[in-house]
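Visitor: Hi, I'd like a quick walk through this one. Could you pull it up for me?
Guide: Happy to, here it comes.
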Amino acid sequence: MTDIEKILKQLARKTMLDISEQEMPQLLEEYNIFMMHVKALELINTQDIEPLAFPYEIKTHFLREDKVVHMLSQEDVLKNVGCVQDGQVKVPKVVR
């Protein structure tokens with residue numbers, strides 16, 4: 001097993017995915033394609049380019065101001081909840 005295969009197996013385990021030995025060649029091929037894209041991006045000269053938080057420099061005039069119009073009380077919100085702890089909704093743990 002190569003180092004890349006070990007890393008991919010570890011990542012799969014951490015994300016609760018089960019990668020079979022039959023799936024590994026396809027996953028390695030996709031990984032190599034992804035890495036070729038990363039290398040192509042690394043060749044782009046980004047010196048003197050400011051980072052963007054959003055890819056378009058369009059001013060948005062269609063967004064409205066947030067206004068509180070109707071607010072439910074905490075009691076009303078929690079009355080249909082199955083499990084409440086310290087005034088909050090308690091849900092089952094989903095991540096190990």
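Guide: One cut-off first: a residue is buried under 20% relative accessible area, exposed over 50%, and partly exposed in between. Also, this is a predicted model.
Visitor: Thanks! So is Met16 partly exposed or buried?
Guide: Met16 has a relative accessibility of 43%, and because partly exposed covers what lies between 20% and 50%, that is how Met16 counts.
Visitor: Where is Met16 found?
Guide: In the loop between α1 and α2. Met16 also has a positive phi of about 60°, although it is not a glycine.
Visitor: Which residues make a nonpolar surface patch with Met16?
Guide: Val94 and Val95 join Met16 there, and the patch comes to about 310 Å². Val94 sits in the segment after β2 (88–89) and is exposed, at 69% relative accessible area.
Visitor: Okay, now the inside. Which residues make up the largest nonpolar core?
Guide: There are five: Leu8, Ala12, Ile19, Met24 and Leu28. At least two residues of this core come from α1 (3–14), and at least two from α2 (24–42).
Visitor: And what does Leu8 touch?
Guide: Leaving out residues up to four places away in sequence, Leu8 touches Met24, Leu27, Leu28 and Tyr31.
Visitor: Back to backbone angles: what about phi of Asp48?
Guide: Phi of Asp48 is near 65°, a positive value in a residue that is not glycine. Asp48 lies in the loop between α2 and α3 (74–78).
Visitor: Is Asp48 exposed or buried?
Guide: Asp48 is exposed, because its relative accessible area is 78%.

Key:
Residues numbered from 1 in each chain as written. Predicted model: local features only at pLDDT ≥ 70, side-chain atom pairs only at ≥ 80, totals over all residues. Heavy atoms only, no water. Patch = residues over 30% accessible without salt bridge, like charges linked within 9 Å, V, L, I, M, F, W, Y side chains within 5 Å. Areas by Shrake-Rupley, 256 points an atom, 1.4 Å probe, with all protein chains shown as cover. Salt bridge = Lys/Arg side-chain N within 4 Å of Asp/Glu carboxyl O. Helix = DSSP H or I, 4+ residues; strand = E, 2+ residues; numbered from the N terminus. Buried < 20%, exposed > 50% of the residue type's maximum accessible area, 1.4 Å probe, protein only. Core = buried A, V, L, I, M, F, W, Y, C linked by side-chain atoms within 4.5 Å. Contact = heavy atoms within 4.5 Å.
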